[in-house]
Amino acid sequence: MSRSIVFHYSHVFDGTIWNIKVSDQNSVMVLEVRNHERREVRFSALNYLTNAFLWRDKVLDDPWWINLAGVSGRIVLFTYYSDSNNPDKKATIAYHLTDAQMAWWNNDFSIHTISREFVAGYAEKFGKRELVLNIQTGHVVENVEPDLNNSDSVVRPHHYPADHPYFATVKRFLNQKFNLLPTAALEYLEHDSLIFISCYLHEKELANYLYIISPDGDLLLQEKLAEHLKGIGLDTFFILSGCVFFVRNKGELVSYKIL
């Protein structure tokens with residue numbers, strides 16, 4: 001059976017897409033976009049199946065010292081750095097996913113693990129203490145052993161630095177098949193009979209490309225993800241719900257359907 005890759009949608013944001021978290025229960029991804037010139041961070045929630053935003057470009061009470069920690073069910077969790085001179089001082093803020101309204105706040109809680117019903121972490125104010133909170137209410141859960149295993153529907157590539165034996169194997173394949181000479185590192189994934197490779201090439205400066213290759217060795221997609229790079233990245237693409245997602249030029253979320 002022949003395979004194809006078809007453009008699905010893209011969204012351009014005013015800043016760098018810094019982080020993406022997925023709630024597969026609700027088919028929603030939450031994006032953290034940081035604009036360093038304005039020292040402002042904005043958050044958006046996108047239904048990745050319908051391509052509709054639940055909300056977009058929301059700025060929280062603190063416009064900079066906050067980042068996206070995770071999303072589970074109908075709750076989005078943020079880490080707030082309450083003392084910009086001391087990164088160990090953290091608070092946790094929870095918002096409702098549907099309308100971006102605050103659900104609860106804990107000014108002495110550092111997140112460790114997030115599951116569907118609970119969030120585990122540490123309080124620091126009176127000596128380091130492990131706590132488990134109900135993710136819906138923020139209330140401390142006592143005398144229980146909650147299951148903090150959280151299944152992730154996102155399929156991510158394997159990362160291979162240049163000194164890894166698999167890097168040499170993939171480099172040889174790309175050179176023989178497409179006359180490419182990747183450098184520094186690459187990310188590799190075999191999924192649904194297709195081969196996905198994100199690699200770095202020298203073009204005066206370092207550039208990052210994504211290649212999607214059919215079972216017969218045909219090139220189905222070639223995308224330049226970034227250029228003029230000073231270093232390499234991690235998780236430069238991922239697979240979710242029959243689509244491949246990646247960030248292009250730091251500020252554009254792009255999705256292609258796998259057919």
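Which residue lies over the face of Phe13, and at what distance from the ring centre? Arg56 does, at 4.5 Å from the centre of the ring. With that contact as a way in, let us take a walk through the model, which is a predicted one.

## Charges over rings

The Phe13 contact has a companion elsewhere in the chain. The charged end of Arg156 sits over the ring of Phe238, and here the distance to the ring centre is 5.8 Å.

## Aromatic pairs

A pair of aromatic rings is described by the distance of the centres and the angle of the planes. Searching the whole structure gives 12 aromatic pairs. One of them brings together Phe246 and Tyr256: their ring centres are 6.1 Å apart and their planes meet at 15°, so this pair is stacked. The stacking links distant parts of the chain, since Phe246 belongs to strand E19 and Tyr256 to strand E20 (residues 252-258), with 10 residues separating them. Both Phe246 and Tyr256 are buried. The two are also part of a cluster, in which ring pairs link them with Phe7.

## Two hairpins

Next come two hairpins that are pleasant to follow on screen. In one, strand E2 (residues 16-23) and strand E3 (residues 28-35) run antiparallel and are joined by seven bridges. Within this pairing, Asn19 of the hairpin faces Glu32 in E3. Four residues lie between the strands, and Ser27 takes a positive phi near 55° in this hairpin.

In the other, E6 pairs with strand E7 (residues 75-81), again in the antiparallel sense, over six bridges. Gly70 stands opposite Leu77 in E7. Two residues lie between these strands, and Gly73 has a positive phi near 60°. E6 itself is mostly covered, with six of its seven residues buried.

## Positive phi outside those hairpins

Most residues other than glycine have a negative phi, and most peptide bonds are trans. Against that background, two further residues deserve a look. His228 is not a glycine, yet its phi is positive at about 55°; this residue is found in strand E17. Asn249, also not a glycine, has a positive phi of about 55°, and its place is the loop between E19 and E20.

## Pockets

Rolling a probe the size of a water molecule over the atoms shows where empty space is left. The table sets out the two largest pockets.

| Pocket | Volume | Nonpolar lining residues | Polar lining residues | Charged lining residues |
|---|---|---|---|---|
| Largest pocket | about 1,100 Å³ | 20 | 17 | seven |
| Second largest pocket | about 180 Å³ | three | three | six |

Which residues lie nearest the centre of the largest pocket? They are Trp18, Asn19, Ile20, Leu234 and Asp235, out of a lining of 44 residues. Asn19 is thus a residue to meet twice: it lies near the centre of this pocket, and it stands opposite Glu32 in E3.

Several strands contribute to the lining of the largest pocket. E2, strand E6 (66-72), strand E10 (110-114), strand E17 (219-229), strand E18 (237-240) and strand E19 (243-248) each supply at least two residues. E2 gives the most, with eight residues. Some of these strands have already come up: E6 is paired with E7, E17 holds His228, and E19 holds Phe246.

The lining of the second largest pocket includes the charged residues Asp88, Lys89, Lys90, Asp108, Glu124 and Lys125. Ser82, Asn107, Phe109, Ser110, Tyr122 and Ala123 are among its other lining residues.

## Two residues to locate

Lys177 is found in helix H1 (residues 165-178). Is Lys177 buried or partly exposed? Its relative accessible area is 42%, and because that value falls between the limits of 20% for buried and 50% for exposed, Lys177 counts as partly exposed. The C-alpha atoms of Lys177 and Asp218 are 9.3 Å apart, although 41 residues separate the two along the chain.

Ile114 lies in strand E10, one of the strands that supply the lining of the largest pocket. Its relative accessible area is 15%; buried means under 20%, so Ile114 is buried. Ile114 and Ser10 are 104 residues apart in sequence, and their C-alpha atoms are 28 Å apart in space.

Key. Residues numbered from 1 in each chain as written. Predicted model: local features only at pLDDT ≥ 70, side-chain atom pairs only at ≥ 80, totals over all residues. Heavy atoms only, no water. Pairing = 2+ DSSP bridges. 1 Å grid on protein atoms, 1.4 Å probe; cavity = no way out; pocket = protein on both sides within 12 Å on 5 of 7 lines; lining within 4 Å. Points joined across faces, edges and corners; volume = space filled by probe spheres on them. Nonpolar A, V, L, I, M, F, W, Y, C, P; charged D, E, K, R; others polar. Phe/Tyr/Trp six-rings, centres within 6.5 Å; stacked < 30°, edge-to-face > 60°. Buried < 20%, exposed > 50% of the residue type's maximum accessible area, 1.4 Å probe, protein only. Lys NZ or Arg CZ within 6 Å of the ring centre and 35° of its normal.
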